[in-house]
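Here are a few friendly notes to read alongside the model. They start with the whole chain and then move to individual spots worth a look in your viewer.

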Amino acid sequence: MAAATTGRIEAIEALTRKSLWLASWMVHHANHIRPNVDGVKVGGHQASSASMATLLSTLYFGVLRPEDRVAVKPHASPVFHAIQYLMGRQSQQKLIDFRAFGGAQSYPSRTKDTDDVDFSTGSVGLGVAFSAFASLIQDYVRAKDWARSDIAEGRMIALAGDAELDEGNIYECLLEGWKHGLRNCWWIIDYNRQSLDGVVREGLYDRIEAVFRSFGWTVVTLKYGALQRAAFAEPGGEKLKAFIDACPNDVYSALMFRGGAAWRERLSDEIGDQGAVSALLARRSDDELAALMGNLGGHCVESLLEQFEAAGSDDPTVFIAYTVKGWGTPLAGHKDNHAGQMTSAQIEQLRQAHGVRQGHEWERFEGLEKAGALERFLDAVPFNTRSSRRLTSPAVPTIGPQFIGEGATSTQAAFGKILDAIARTDSELAKRIVTTSPDVTVSTNLGAWVNRRNLFAPAEKADTFQKEAIPSTQKWRFTPDGQHMELGIAEMNLFLMLGAAGLSHSLFGERLLPIGTLYDPFIARGLDALNYACYQDARFLLVATPSGVSLAGEGGAHQSIASPLIGMAQDGLASFEPAFADELSIIMDWAFDYMQRSGDARPDLADWPRDVTGGSVYLRLSTRNIDQVPRKVNNVLTNGIIGGAYWLKPPTPECDTIIAYQGVLASEAIEAAARLGGDRRNIAILAITSADRLNAGWQATQRSRLHGDQPIPSHIETLLRQAPASAGIVTAIDAHPATLSWLGSVLGHRTVALGVEHFGQTGTVHDLYRHFGIDAASIVRAAKSLNNSNL
């Protein structure tokens, strides 16, 4: 081995030890030294960090390049923060405040941490799958003639625990990656054979290997470290190797915890023969024997460097790295070590082993020799050569609302026509839009867009049906210039794809405007991944249709109830439910701008805080045709639509009833107002386009008042103050009534909330609206009950 290589290995080994100590001390300090004022568990994962210490250190200090992107195993957050601290990308105070307010996060976070986090992670396998979709988006961007040429192609890397592979979204992702020719993706499995509640099943490795090979991945097994391989070459070494291969997971873990003497006893009983094997054991002290048995592939810098650097192909590759949970600490191998923490005596034992003096626990090179050489080594680490790896891309100019004309239509059909109108332009906006959908491209009205802009594939592929002269309205041509990413039916994949595309400006230096469509009821199917994408501050437009019970013939399985409440509650997502095509045109134009905002300030008490920094947008659309309102669009109407509501029929001083609707029930609201009012002027209609933005603005104003400020009244307060306090409000929505029922709390108006609270059934729209009490007759009854009430 060359001296330079030896020196590099020694430096990474030293930094691995330091990372392990800092990670262990970080958790111990947070739980046992820092005052716990509320008595609630702080937590942390010393053992899970320990099993990843060598893997992460070898990657960051030896293998990664600035263009590579990494999703760190969430429970290895402490060792990740320690590595960032050693490279000067994390402050000491953040480590001291680990899991405290403003400190380093429990799990790596793009938006909450100040160190160099590429992808947020937080269990359930989402970070693992996200890396694959990031790789697909990298290929998409690099295939375009407008892509930057100064950005090197990177590897998308995920580090996962073996128990994390129980998550179903990982296997949905594998199938999607296979279909799209996934490249430049590494998954590194921390195969420590322990999970939260126990030891993993025997034979798991065989199942993992078979799954990955079946999807075309290269499988690299990192089972033995350099010490073990050297021992195998000694006389009797073949028997030692056979023992390691045959040893059950739980036995191996237990012996790791018990230490060198236990290893010697078990090995002597099972393979010792008073000959070559006995001599092999006798040549090693108990401590050396324990080190040998713990020298699995995932803990050996030499072995990891060798295999990582040998993986020169761009084929997707999974490294199955055998490790010991709690490696290098007194917790190594114990079955309770997942949430377990070292005692004061155990942390003291670790301190002494690492040569760390009392009062010097946080110092970067405490206990290490050749601090100056290590400092120089860190300065030369390839990954550490760029000050910031967060890229930027200029905002894409919007082109104004695309109005599609008058006549009865549905918002779903209007969406398709608006997108087709954009596709006809040669605008930069049209070029940067990328659409995707889980197997419902045509039925969510993306067909016209795809016909004009084609499907994406790295290589040209003709439409077979067109080639065979078979009549079809769809022209499915695959090309590198295509702007639609075809997905299978899994909604988790949709949101992971949207999340990756929505971070393209930061990851790959080129802005995309992703649009994803799905059936509204199935938002819940991908809710984990939607929340995850928003938590990363990814930017996309989510179009969900059909919605509510209005798709009456499909029955309860395809009808949605709670999705508007999801839109209201989801941070980072502005939700709208327009009724008319002109509203949708205005909202979509606004959304393309909103998705690109990136202001630094985020005033907590602003009328709508995200208006400063932007976010993603969710449109809840319907398949039901309704008559459009002939009108001219002006600034007042536009501001009302974006603000969340406007008066379709303003109140008068004599107004006694306000009908407030959202979405497709515009027809029922208008009909009910006509039945109630006739030529009288005592009925008002409030058109709500976004309960989300109305509620958020109202809540922000209330918080401001609680702080003693005198804010401008919120949009909904301004609207409702135009009506008499004695007026009653009937709210109506094809969704859960709680979406709008809060309106009565704004100024104290008496309110009856109509909506859908139970699974629907098949029938006509009239049948279902009448059944759930959201038809015009029901709105009339509710209004009369308010006017006859003594409340």
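1. Overall make-up. The secondary structure of the chain amounts to 34 helices and 18 strands. Its radius of gyration is 30 Å, close to the 28 Å given by the globule rule for 791 residues, so the chain is as compact as a globular protein of that length. Please keep in mind that this is a predicted model.

2. Dimensions and packing. Along the principal axes, the C-alpha atoms fill a box of roughly 105 × 70 × 45 Å. Buried residues make up 59% of the 791 in the chain. If you take contacts between residues at least 6 apart in sequence, 76% of them join residues at least 24 apart.

3. Surface and charge. About 30,600 Å² of the chain is exposed, and carbon and sulfur atoms supply 51% of that area. On the charge side, there are 74 positive and 88 negative side chains, with the centres of the two sets 3 Å apart.

4. A strand covered on both faces. Side chains in a regular strand alternate between the two faces of the sheet. Which residues of strand β12 sit on each side? In β12 (residues 573-576), Leu573 and Ser575 are on one side, Ala574 and Phe576 are on the other, and all of these are buried. Both faces of the strand are therefore covered, with buried meaning under 20% relative accessible area.

5. The partner of that strand. β12 pairs with strand β13 (residues 616-620) in the parallel sense, over four bridges. To find the register in your viewer, start from leucine 573, which stands opposite serine 616 of β13.

6. Backbone points to check. Most residues other than glycine have a negative phi, and most peptide bonds are trans. Here are three places that merit a look on that account.
   - The peptide bond from threonine 545 to proline 546 is cis, its omega being near 0 degrees. Proline 546 belongs to the loop between β11 (541-544) and α24 (563-569).
   - Asparagine 184 is not a glycine, yet has a positive phi of about 50 degrees. This asparagine is placed in the loop between α6 (168-179) and β3 (185-191). With a relative accessible area of 9%, asparagine 184 is buried.
   - Lysine 370, also not a glycine, has a positive phi of about 55 degrees. The loop that holds lysine 370 runs between α15 (344-354) and α16 (371-380). Is lysine 370 buried or exposed? Its relative accessible area is 62%, so lysine 370 is exposed, the cut-off being over 50%.

7. A buried position in the opening helix. Isoleucine 12 lies in helix α1 (residues 3-33) and is buried, with a relative accessible area of 0%. What does isoleucine 12 touch, leaving aside its neighbours within four places in sequence? Its contacts are Ser57, Thr58, Phe61, Gly62, Val301, Leu305 and Phe377. Leucine 59 is 47 residues from isoleucine 12 along the chain, and their C-alpha atoms are separated by 9.6 Å.

8. A glycine in a loop. Glycine 400 is in the loop between α16 and α17 (411-423). Its relative accessible area of 23% makes glycine 400 partly exposed. Measuring from C-alpha to C-alpha in your viewer, you should find glycine 400 and phenylalanine 592 at 9.8 Å in space, although they are 192 residues apart in sequence.

How values were computed
Residues numbered from 1 in each chain as written. Predicted model: local features only at pLDDT ≥ 70, side-chain atom pairs only at ≥ 80, totals over all residues. Heavy atoms only, no water. Helix = DSSP H or I, 4+ residues; strand = E, 2+ residues; numbered from the N terminus. Rg over C-alpha atoms; globule rule 2.2 N^0.38 Å. Buried < 20%, exposed > 50% of the residue type's maximum accessible area, 1.4 Å probe, protein only. Contact = heavy atoms within 4.5 Å. Areas by Shrake-Rupley, 256 points an atom, 1.4 Å probe, with all protein chains shown as cover. Lys, Arg positive; Asp, Glu negative; His and termini not counted. Charge placed at Lys NZ, Arg CZ, Asp CG, Glu CD. Pairing = 2+ DSSP bridges.
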